[in-house]
Amino acid sequence: NDKVDFSYNRLADPKFSFYDNALVEAVKSEDRLVYLFFLCLSLCHTVMSEEKVEGELVYQAQSPDEGALVTASRNFGFVFSSRTSETITVIEMGKIRVYQLLALLDFSNERKRMSVVVRTPEDRVMLFCKGADTIIYELLHPSCASLSEVTMDHLDDFASEGLRTLMVAYRELDNTFFQTWIKKHSEACLTLEDRERKLNLVYEEAERDLILLGATAIEDKLQSGVPETICTLTKAKIKVWVLTGDKQETAVNIAYSCRIFKDEMDGLFVVEGTDRETVLQELRAARNKMKPESLLESDPINICLARKTKLPFRVLDETPNGSYGLVINGYSLAYALEGNMELELLRTACMCKGVVCCRMTPLQKAQVVDLVKRYKKVVTLAIGDGANDIGMIKGMNLWGFIAAAHIGVGISGHEGMQAMLNSDFSFCQFRYLQRLLLVHGRWSYNRMCKFLSYFFYKNFAFTLVHFWYAFFNGFSAQDVNETWSLCYPELYEPGQHNLYFNKKEFLKCLMHGIYSSFVLFFVSMGTVFNSERSDGKDISDFQSFSLIVQSTLIWVVTMQVWPLVVGIALRTNFWTLISHAFIWGSLGFYFCMLLFLCSDGLYLMFPSIFHFLGVARNILNQPQMWLCLVLSTILCLIPGIGYNFLRLFLWPVNVDKVLNRIHVCLKHPLPPPVKTKIKHPGLRRSAYAFSHKHGFGALITSGKTLKPNAFKTSKRVL
């Protein structure tokens with residue numbers, strides 16, 4: 001569609017782009033419900049306006065959401081112009097209209113809505129309301145049933161896309177009801193005892209039988225690729241916890257938009273107790289639903305807690321009976337991090353697929369990271385973009401040192417450079433985290449494991465050859481490229497569980513090294529023992545024998561294939577000209593150097609150093625030498641090849657299954673998946689989130705002079 005022309009509205013933002021002509025035509029034709037919808041957005045708020053330059057309005061909003069809604073209504077021709085304690089001035093499609101502000105039913109976290117009662121220039125008393133969809137839905141008039149169902153379906157779609165939603169409604173009040181109601185309202189405002197509760201009861205009398213006008217959806221814009229990155233990390237079995245200072249509704253909605261929480265989860269636990277006992281009950285109630293046996297007295301951790309002894313072990317992973325999420329605020333977290341309560345928190349949180357800790361202090365962020373490090377056998381990574389994230393990235397030295405995460409990552413952006421300067425790694429986009437972990441992290445782990453395994457194997461094989469010789473001389477002197485790494489995050493799992501280098505793998509290196517050294521020595525010994533050259537001369541001298549063993553050793557360790565005792569040639573993942581040059585060239589270089597070191601010229605120049613005169617020429621001409629080399633190589637390779645072959649069929653691990661899928665995809669590429677929208681009947685989640693607490697209604701209606709800078713715009717978390 002073509003971009004809508006807003007030239008009819010001189011106060012519209014020239015940068016505003018819109019492509020639905022039907023809505024604009026409905027506004028121009030003064031469709032009653034559309035008209036009331038935008039009128040509600042321009043009246044029902046606590047925004048202050050300021051005209052710094054003639055014709056240019058600047059809005060000071062208590063929250064970014066309010067500012068966005070009032071700006072949207074301005075672009076469509078309903079311009080909030082100014083306000084006093086008693087009036088609101090709106091320019092409606094070029095006409096200036098003044099509404100008398102009769103009452104402002106302020107927003108609060110408990111009510112999750114706000115309303116204004118105004119008298120129109122036509123002397124009609126109107127109540128306009130906006131708030132959480134789940135709250136407004138219960139206050140609607142029965143005649144709105146069909147429209148409300150359609151609207152709720154739309155809100156479900158908005159919520160699944162991570163948008164923050166509100167529902168908009170109105171009610172016309174007759175004068176008799178209003179006069180009675182405004183008296184109750186005045187009495188409740190003047191009361192000194194239980195004022196807030198009485199006001200809420202009065203508000204509820206007016207906010208009923210509302211007529212639905214529509215809904216709004218605001219994008220709390222995340223950085224590009226954040227949901228996809230978190231989804232990929234989750235597939236790699238990396239648990240993602242959100243530690244934020246945002247209010248609960250905002251944090252939960254961000255968690256849904258980032259796919260940390262999903263609508264198809266079996267449950268979402270909210271811990272918001274204001275004392276230790278309540279927090280403990282909420283945590284245990286969550287565990288009782290996820291894994292009831294974790295509350296039994298026979299549980300090892302519960303036994304330690306009952307005896308009030310310090311845990312001598314790590315807290316093992318526990319498998320819940322479903323998929324759950326956990327939300328806990330900073331006030332409750334203060335109790336949950338005290339004494340043995342921290343284990344209750346840790347066990348509950350670790351059973352959940354996603355965890356959101358909101359309204360946190362920087363110290364609490366560091367404490368949560370430290371808690372996981374102390375009791376879980378995991379590697380932690382903290383990522384943040386602000387100065388308040390330094391505690392969990394670098395550690396804190398407040399009332400005793402609190403350890404930081406194993407890996408600290410800083411994001412440079414709107415929050416400044418402090419997090420980046422105190423981190424181990426830094427980049428400008430959150431989405432780069434998946435390459436840091438799934439590509440470079442995995443490659444680094446695999447390289448280190450290959451190096452260590454090959455290092456130990458080579459040294460075992462080399463050293464033990466001398467050990468076997470001592471009995472005869474009286475004791476005298478598989479990888480994949482970066483694209484598949486990102487497509488199959490499951491490949492990251494071996495690094496999490498340290499599958500490629502541990503005590504078991506070290507033992508395998510040792511055993512295979514002993515076996516290889518045994519083969520290298522005794523095959524060489526059996527080949528040359530009491531043997532003669534073709535000319536009848538004896539070749540069983542120690543110089544010839546040592547050269548045979550040495551040459552065979554170098555050839556075997558270069559050709560070694562066993563993936564658990566890593567060799568070079570067949571464990572190389574990407575063959576290039578450089579790979580061929582170094583691997584095969586090293587073997588050629590060895591034989592060239594061997595001939596050079598055993599040459600006549602070198603012996604004549606340094607007779608006291610080079611004693612192996614002519615040994616290389618003589619032994620390389622003998623079939624016994626090449627028989628020994630081939631036989632030793634085959635005997636050393638057979639165990640590795642056999643084990644690797646049988647393991648894929650008899651004891652495959654997840655990585656083997658993923659690699660098999662990759663090979664199948666390479667041979668038979670799959671068609672791109674078709675995205676289908678999945679509806680969950682009976683499951684409805686509110687995407688409501690207002691990024692502020694109690695509103696400024698009392699201040700606005702008090703008649704005091706309001707300066708625009710009294711309204712500090714909240715920062716939007718990216």
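These are my notebook entries on a predicted model of one protein chain.

**Entry: overall picture**

I started with the secondary structure and got 27 helices and 18 strands for the protein chain. The chain has 718 residues, and 49% of them come out as buried. For the surface I noted about 37,300 Å² exposed, with carbon and sulfur atoms supplying 59% of that area.

**Entry: nonpolar cores**

Which residues have the most contacts inside the largest nonpolar core? I found Phe38, Leu43, Val116, Val118 and Phe128, in a core of 42 residues. Helix α2, residues 32-43, is the top contributor to this core and puts in 8 residues. There is also a second, separate core, with 37 residues, and I jotted down Val271, Leu345, Val355 and Val372 as being among them.

I then picked Val116 and listed what touches it, skipping neighbours within four places in sequence. Its contacts are Leu43, Cys44, Leu101, Ala103, Leu104, Met126, Leu127 and Phe128. Leu43 and Phe128 in that list are also on the list of residues with the most contacts in the core.

**Entry: Thr380**

Next I went to Thr380, which sits in the loop between α14 (362-375) and β14 (381-384). Buried or exposed? Thr380 has 10% relative accessibility, so I wrote it down as buried. Leaving out neighbours within four places in sequence, I found Thr380 in contact with Val369, Val372 and Lys373, and also with Ala405, His406 and Ile407. Val372 in that set is one of the residues of the second core.

**Entry: salt bridges**

My count of salt bridges came to 17. I looked at three pairs in detail.

The Arg124 and Glu172 side chains form a salt bridge, 3.1 Å from N to O. This pair ties together distant parts of the chain, 48 residues apart: Arg124 is in the loop between β6 (113-119) and β7 (125-131), while Glu172 is in strand β8, residues 163-173. Both ends have some exposure: Arg124 is partly exposed at 35% relative accessible area, and Glu172 is partly exposed at 40%.

The second pair is Arg284 with Glu344, where the closest N and O atoms are 2.9 Å apart. Here too I have a link between distant parts of the chain, with Arg284 in helix α10 (residues 276-290), Glu344 in helix α13 (residues 341-351), and their positions 60 residues apart. Arg284 is partly exposed at 37% relative accessibility, whereas Glu344 is buried, its relative accessible area being 3%.

The third is Arg374 with Asp370, and again I read 2.9 Å between the closest N and O atoms. How many residues apart are Arg374 and Asp370 in helix α14? They are 4 apart, so about one helical turn separates them. Arg374 counts as partly exposed at 37% relative accessible area. Asp370, at 15%, falls under the 20% cut-off, so I have Asp370 as buried.

Besides those pairs, I noted a network in which salt bridges with shared partners join Glu92, Arg97 and Glu122.

**Entry: the annotated transmembrane stretches**

I checked the UniProt record, an unreviewed entry, for "transmembrane region" and got residues 451-471, 510-530, 542-562, 582-606 and 626-646. I took two of these stretches back to the model. Residues 510-530 are 90% helix and 0% strand, with the end C-alpha atoms 32 Å apart. Residues 626-646 are 100% helix and 0% strand, and their end C-alpha atoms are 30 Å apart.

Ser544 has a number inside the annotated range 542-562, and I looked up its separation from Asn618. The two are 74 residues apart in sequence, yet their C-alpha atoms are 8.5 Å apart in space. Asn618 belongs to helix α24, residues 615-620, and is partly exposed at 36% relative accessibility.

**Entry: a nonpolar patch on the surface**

Last lookup: which residues make the nonpolar surface patch of about 670 Å²? I have Phe645, Leu646, Leu648, Phe649, Leu650 and Trp651. Trp651 is in the loop between α25 (623-650) and α26 (654-667). Phe645 and Leu646 from the patch have numbers inside the annotated range 626-646. I put one general remark beside this: in soluble globular proteins, nonpolar side chains tend to be buried together.

Notes:
Residues are numbered from 1 along each chain as its sequence is written. This is a predicted model: local features need pLDDT of at least 70, side-chain atom pairs count only at pLDDT 80 or more; totals for chains, interfaces and linings use all residues. Side-chain values use heavy atoms; hydrogens and water are left out. Patches are made of residues with over 30% relative accessible area and no salt bridge: like charges are joined within 9 Å, nonpolar side chains (Val, Leu, Ile, Met, Phe, Trp, Tyr) within 5 Å. Accessible areas come from the Shrake-Rupley method with a 1.4 Å probe; for residues, only the protein chains shown count as cover. A salt bridge is a side-chain nitrogen of Lys or Arg within 4 Å of a carboxyl oxygen of Asp or Glu. Helices (H or I, at least four residues) and strands (E, at least two) are DSSP runs, numbered from the N terminus. Buried means under 20% relative accessible area, exposed over 50%, partly exposed in between (1.4 Å probe, protein chains only). A nonpolar core is a set of buried Ala, Val, Leu, Ile, Met, Phe, Trp, Tyr and Cys residues joined through side-chain atoms within 4.5 Å. Contact means heavy atoms within 4.5 Å. UniProt positions are given in the numbering used here, feature names are shortened, and annotations may be inferred rather than shown by experiment.
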